[in-house]
Amino acid sequence: MTGESWGLLALLLGVTLLCVKPLGLYMAQVMEGAPIWPLRVGGGLERLIYRLCGIDPGEEMGWKRYAIALLAFNALGAVLLYALQRLQYFLPLNPQHLSAPSPDSAFNTAISFATNTNWQSYTPETTMSYLSQMAGLAVQNFLSAATGIVVAIALIRGLARHTVKVIGNFWADITRVTLYVLLPIAFVLALALVSQGVIQNFSAYKSATMVEPVTYREQATNAAGDPEVDRTGKPVMRTVTTRTQILPMGPVASQEAIKEFGTNGGGFFNANSAHPYENPTAISDLLEMLAIILIPASLTYTFGRLVGDPRQGWAVLAAMTILFVLLYSLANYNEQVGNPRIAALGVSEAATALQPGGNMEGKEARFGIAASTLFATLTTATSCGAVNSMHDSFTPLGGMAPLFDMMLGEVVFGGVGTGLYSMLIFAIIGVFIAGLMIGRTPEYLGKKIESFEMKMSAIAILVMPFIVLLGAAVAVSVKAGQAGVANPGAHGFSEILYAFTSAGNNNGSAFAGLSADTPFFNIALGIVMWIGRYWPIVAVLAVAGSLAAKRRIPVTEGTMPTHGPTFIILLIGTVLLVGALTFVPALALGPIVEHLMLWSH
Amino acid sequence: MRRKLSMFDRALLGPAILDSLRKLDPRVQWRNPVMFVVYLGSILTSGLWVQALVGHGEAPAWFIFNIAIWLWFTVLFANFAEALAEGRSKAQAASLRGLKQTVEAKRLADAADRSRVTPVRADRLRKGEIVLVEAGDYIPGDGEVIEGAASVDESAITGESAPVIRESGGDFSSVTGGTRVLSDWIVVRITANPGETFIDRMIAMVESAKRQKTPNEIALTILLVALTLVFVFATATLLPYSLYSVAVTGLGTPITITALIALLVCLIPTTIGGLLSAIGVAGMSRMMQANVIAMSGRAVEAAGDVDVLLLDKTGTITLGNRQAAALIPAAGVREEELADAAQLASLADETPEGRSIVVLAKQRFKLRERDLTSLHGTFVPFSAHTRMSGVDIGARQLRKGAADAIQKHVESLGQVFPKAVLSTVQEVARRGSTPLLVSDGPRVLGVIELKDIVKGGIKERFGELRRMGIKTVMITGDNPLTAAAIAAEAGVDDFLAEATPEAKLKLIRSHQAEGRMVAMTGDGTNDAPALAQADVAVAMNTGTQAAKEAGNMVDLDSNPTKLIEVVETGKQMLMTRGSLTTFSIANDIAKYFAIIPAAFATTYPQLNALNIMHLASPFSAILSAVIFNALVIIALIPLALKGVRYRPLGAVTLLRRNLLVYGLGGILVPFAGIKLIDMCLQLVHLV
């Protein structure tokens with residue numbers, strides 16, 4: 001690993017750590033409704049929203065009502081998004097006169113954006129009108145992020161409160177998060193991105209003539225739009241040559257900001273953050289990475305603050321940070337080492353002043369190894385899914401890093417809200433076993449962990465591996481699934497596994513190489529995204545409700561502290577063990593064997 | 001019951017082996033979801049073996065046979081662990097059942113008329129019937145003495161050979177069926193129907209027939225089932241993955257069902273799954289070895305969670321009796337003079353306090369004990385009226401008694417009570433001691449300080465408890481001053497002075513309202529409400545029936561200090577579960593390294609790079625992992641039955657220690673174990 005790689009990591013984590021306390025504190029105050037000036041300024045608008053919607057923000061809900069409100073709100077969002085896409089041809093702000101996406105694609109996209117996954121089976125610039133992007137996708141970018149955050153807040157309340165049955169008012173929570181956290185910061189961030197050159201317009205696409213013609217090969221599709229395969233199952237390729245290039249335009253900056261800040265990840269363009277209109281400079285790249293990590297990291301402080309012991313939050317943050325550094329090292333090291341077959345051709349892969357070295361396939365030359373692998377680790381460790389390099393082109397182990405980041409359950413910072421609540425569930429499971437080992441009924445933050453919490457925690461954590469493994473198993477077994485694979489073999493298996501892992505964890509990044517805009521993948525991944533998002537949410541809310549109703553046990557000498565190094569190691573161990581034990585066999589057949597094959601020659 | 005059973009007692013092994021076979025009944029297996037998966041796997045592999053025998057097997061028949069056999073062994077070993085734990089409990093129960101011999105009871109139609117007895121079989125006695133028990137008779141059933149007093153040999157249940165007195169009224173009125181009256185007679189009202197007596201319930205409890213899963217056991221089972229499910233999916237999906245890999249690479253053959261089942265069984269937490277119920281049974285039986293009968297496993301488990309211990313001062317913290325510790329003469333009196341008078345006044349006093357005064361005088365001034373008759377003294381016994389005792393020798397009137405009694409006595413003789421003595425009295429009381437005054441006629445000689453003697457080592461014990469996070473509260477009838485002084489000397493965290501049953505109940509409730517778990521001991525009927533309220537309530541076997549009914553444990557030795565052992569046993573049980581769970585899960589890492597390269601050896605030979613143990617062949621690797629998985633259950637049976645040792649080190653140190661031993665150990669041990677088994681298999685040329 002180069003000095004640049006470490007330096008960039010230190011810069012990102014350093015700035016993040018500086019922001020954790022102020023942003024975490026601000027979010028805590030917003031959720032508590034503290035009398036701070038932003039709440040006074042926005043109070044009028046907030047009250048107006050409540051009045052229009054007939055909401056009594058003071059009326060708190062039990063976990064079941066909270067869950068029903070959340071599910072209804074999200075389902076409605078998905079339905080509206082589906083309708084908007086299907087009707088976009090007839091609606092304004094469509095200078096390219098784009099027709100409606102296919103029903104299965106619209107279904108997939110609607111779920112994808114409602115669940116904060118932002119898996120994009122479509123190519124945005126040739127599919128979505130500006131209205132669909134702004135009023136559909138961007139709105140869901142805000143609301144799905146807010147949904148994740150309020151679930152985390154509800155779980156925090158469950159831990160902080162005692163002997164009450166209520167965990168907050170969903171409508172008030174989601175309004176406050178959107179109004180005071182997401183909107184203002186996304187606004188500032190959008191302006192900052194515009195300053196770096198990110199575009200923001202409603203123009204029609206521009207056409208440019210290239211200096212040299214470009215020839216490339218792509219997988220042929222049949223009349224139905226499905227990728228074609230020959231009799232042996234190999235994809236049919238065709239050669240395309242072109243001289244003109246279309247430059248898509250659009251209101252990019254406004255969507256780019258919340259894409260990262262809400263760990264959504266759905267790009268305005270297909271190339272996502274590798275596209276110069278989305279991510280033009282080194283500064284914009286750093287800003288986007290910071291935007292991805294800020295809320296997930298800061299929520300740990302919000303957590304510590306609201307449970308009345310900031311050390312608890314710092315411990316969780318420490319565990320996340322250590323895991324992050326490990327995962328980044330895995331990706332960065334392997335990318336920097338490069339590909340032995342290229343080295344065998346006499347091509348130097350060493351990092352010098354003139355070249356970043358390593359495996360540069362699929363990476364923007366302007367980002368190099370460090371910024372590409374850091375972005376890749378960050379976007380997969382959080383549930384963002386935006387990309388500035390093509391993960392499919394990583395070396396086998398370098399590509400396994402983002403895959404494994406997701407398999408850990410998106411808890412290494414994780415998605416906004418989801419990262420914290422999933423990590424706290426891991427803490428509950430870790431504390432359960434550790435608590436037994438010191439001879440007491442396990443407790444976390446003074447709350448006894450009993451069978452109901454265990455049942456719900458188990459559901460929250462195990463749903464993901466279940467749907468990911470099952471989805472991938474179905475995909476490799478049916479023709480419609482096998483047909484999408486561009487690189488049969490271990491790598492093709494990785495592609496399918498990656499797609500389902502990304503969907504099951506609501507990440508949304510793609511390994512690429514998989515033609516996923518087919519009815520089979522659209523529907524299968526849509527279902528996986530839906531289950532992967534809402535089953536754990538309901539389980540987490542159930543845990544929150546059950547914990548809130550419990551008495552708080554006072555801390556004694558016999559209580560296991562959950563803020564020291566032992567706890568941090570325990571938490572890291574639990575996350576790694578559950579992730580590794582579940583997915584090692586599958587990984588062995590994908591990236592691990594691919595790596596062994598690559599290096600055994 | 002008194003006899004300690006060794007871990008693998010020969011008398012227990014035989015029945016345990018038979019029982020493990022009997023437990024192969026699917027209805028029994030179904031109760032343990034983790035082992036049920038192994039059970040199904042065993043059946044399936046046996047089927048595959050038969051298939052291989054008749055011709056078209058997926059792997060060589062000898063290999064499938066070996067896997068199947070060892071899977072069956074895994075099930076049997078788990079059964080054996082449970083059977084052994086139950087066997088030990090049953091052996092303890094059997095010794096209790098010895099008490100249940102059928103005896104003839106002497107039923108009385110009228111409690112007042114002891115001349116008309118009807119003989120009736122003890123096991124036919126109903127609740128409310130009245131029986132006469134005379135010297136040499138066995139008490140026919142649990143009951144309450146309503147008339148008379150007798151010395152009773154209760155050694156059969158307590159192991160204590162000294163007989164105890166049982167009499168009507170008060171706190172010593174309850175008798176247990178199966179014990180024997182040694183002298184005198186008592187009339188007993190039977191308080192339990194046949195089959196519901198104390199011993200019946202004890203037997204039912206230890207035989208585990210009625211054993212229900214405790215809350216924590218249920219929570220752990222949920223976690224284990226969840227892990228099992230995830231491993232079922234992780235392994236089941238390997239088949240399509242493997243089929244796909246074979247199809248696209250065109251190499252090798254897909255993973256065999258046998259290998260998949262072997263992998264699954266190795267990965268699911270069979271170690272803890274197989275030992276879980278044995279740990280629970282062993283917990284109850286360890287309580288039993290400490291001569292504590294727990295009414296439920298839930299009570300044992302709750303004991304581990306106790307935050308507050310309420311301990312009676314007398315008998316638990318201090319020795320039962322106060323002892324003379326110092327002599328403080330009044331102004332103008334020599335200490336030796338006071339000692340002499342105090343000794344003379346106590347010569348005829350046979351109470352422990354009185355004896356201690358004689359002893360103190362002898363120690364301090366070598367005053368030899370004198371014979372009262374040779375001094376021609378007259379003993380003046382203690383009376384409730386004067387509240388003094390003493391001796392009259394010639395003209396001397398030596399008296400000792402409580403301060404106000406002596407003051408009254410002196411003042412009645414026309415003397416002014418010296419103020420200085422009064423302040424000494426208060427001083428002594430403040431120290432937590434009891435002042436006794438000695439007077440010679442109207443002259444006050446000084447004060448004897450009677451001290452509560454705190455039991456040796458008890459302070460260290462409380463320190464240990466504090467490190468365990470347990471707060472100790474001393475309960476005493478003394479005034480707050482006295483109580484505070486003793487509390488400080490004994491090192492308890494808090495005390496409740498001038499305790500009444502209501503005050504005790506209130507204290508327990510207030511602790512519980514703060515979320516604490518409270519344990520207490522008690523014996524009297526007036527303790528019953530507090531016992532019923534406490535989370536862990538140990539009733540003394542010498543206590544009343546009401547106290548025993550209210551508690552959830554009974555201490556047969558009636559030793560209040562036992563509470564500490566009870567807590568430790570509860571903690572041990574939880575620790576054993578947690579440690580074995582950690583060990584079980586940590587084991588999986590090595591098993592992956594053994595099985596994954598082997599299972600896909602034909603498709604992806606490159607995966608052999610992961611065979612870091614250098615296991616000889618794919619067959620040997622899979623078989624070694626399965627054998628290790630089975631043997632580790634047997635190897636850990638002693639630990640499951642004895643329990644992980646509890647050390648009061650504080651939560652963090654304890655956790656770090658156990659994580660290191662069972663977590664890190666759990667990762668490393670199987671690497672060595674599997675390699676060793678692989679080498680043995682090579683030696684015997686099995687693979």
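Visitor: What volume does the second largest cavity have?

Guide: Here's the general idea first. Rolling a probe the size of a water molecule over the atoms shows where empty space is left. In this predicted model, the second largest cavity comes out at about 60 Å³.

Visitor: Which residues line the second largest cavity?

Guide: Both chains take part. From chain A you get A:Ile438, A:Arg440 and A:Gly558. From chain B come B:Arg467, B:Met468, B:Lys571, B:Tyr646, B:Leu649, B:Gly650, B:Ala651 and B:Leu654. Sorted by class, that lining has six nonpolar, two polar and three charged residues.

Visitor: How many cavities are there in the whole structure?

Guide: Counting those of 30 Å³ or more, the search turns up seven. The largest cavity holds about 300 Å³ of space. It is lined by 24 residues, and the closest to its centre are A:Gly409, A:Ser422, A:Ala460, A:Met464 and A:Asn505.

Visitor: Which element gives the most to the lining of the largest cavity?

Guide: That's α14(A), with five residues. Elements of chain A that each supply at least two residues are α14, α15, α18 (519–548) and α19. As for chemistry, the lining splits into twelve nonpolar, ten polar and two charged residues.

Visitor: Now for pockets, which are open. How much space lies in the second largest pocket?

Guide: About 1200 Å³. Its lining runs to 47 residues, and those closest to the centre are A:Gly573, A:Leu576, A:Leu577, B:Ile589 and B:Ile667. Chain A brings α13 (396–407), α14 (418–437), α15 (451–477) and α19 (565–600), each giving two or more residues to the lining. Chain B does likewise with α7 (215–236), α22 (562–586), α23 (588–599) and α25 (651–683).

Visitor: Which element gives the most there, and with how many residues?

Guide: α19(A) does, with 17 residues. Go by class and the pocket lining has 39 nonpolar, seven polar and one charged residue.

Visitor: Both chains keep turning up. How do I read the contact between them? How many residues does each chain bring?

Guide: Start with the head count: 63 residues from chain B and 61 from chain A. Then look at area. About 5000 Å² is buried between the two chains, and carbon and sulfur atoms give 75% of that. On the chain B side, the trio B:Tyr241, B:Tyr244 and B:Leu655 supplies 15% of the area that chain B buries against chain A, more than any other three residues.

Visitor: How many salt bridges cross that interface?

Guide: For a salt bridge, look for a Lys or Arg side-chain nitrogen within 4 Å of an Asp or Glu carboxyl oxygen. The interface has one. A:Arg440 pairs with B:Asp307, with the closest N and O atoms 3.2 Å apart. You've already met A:Arg440, one of the residues lining the second largest cavity.

Visitor: And how many salt bridges are there over all chains?

Guide: The search finds 36. One of interest is A:Arg161 with A:Glu60, where the closest N and O atoms are 2.6 Å apart. This pair links distant parts of the chain, 101 residues apart. A:Arg161 sits in the loop between α6 (130–160) and α7 (170–196) of chain A, while A:Glu60 is in the loop between α2 (37–53) and α3 (63–86) of chain A.

Visitor: Last one. Into which domains is chain A divided?

Guide: Domain 1 covers 21–204 + 250–306, and domain 2 covers 206–247. Their C-alpha centres lie 35 Å apart.

Notes:
Residues numbered from 1 in each chain as written. Chains lettered and ligands numbered in written order. Predicted model: local features only at pLDDT ≥ 70, side-chain atom pairs only at ≥ 80, totals over all residues. Heavy atoms only, no water. 1 Å grid on protein atoms, 1.4 Å probe; cavity = no way out; pocket = protein on both sides within 12 Å on 5 of 7 lines; lining within 4 Å. Points joined across faces, edges and corners; volume = space filled by probe spheres on them. Helix = DSSP H or I, 4+ residues; strand = E, 2+ residues; numbered from the N terminus. Nonpolar A, V, L, I, M, F, W, Y, C, P; charged D, E, K, R; others polar. Domains from an automatic or database assignment. Contact = heavy atoms within 4.5 Å. Buried area = accessible area lost by both parts, 1.4 Å probe.
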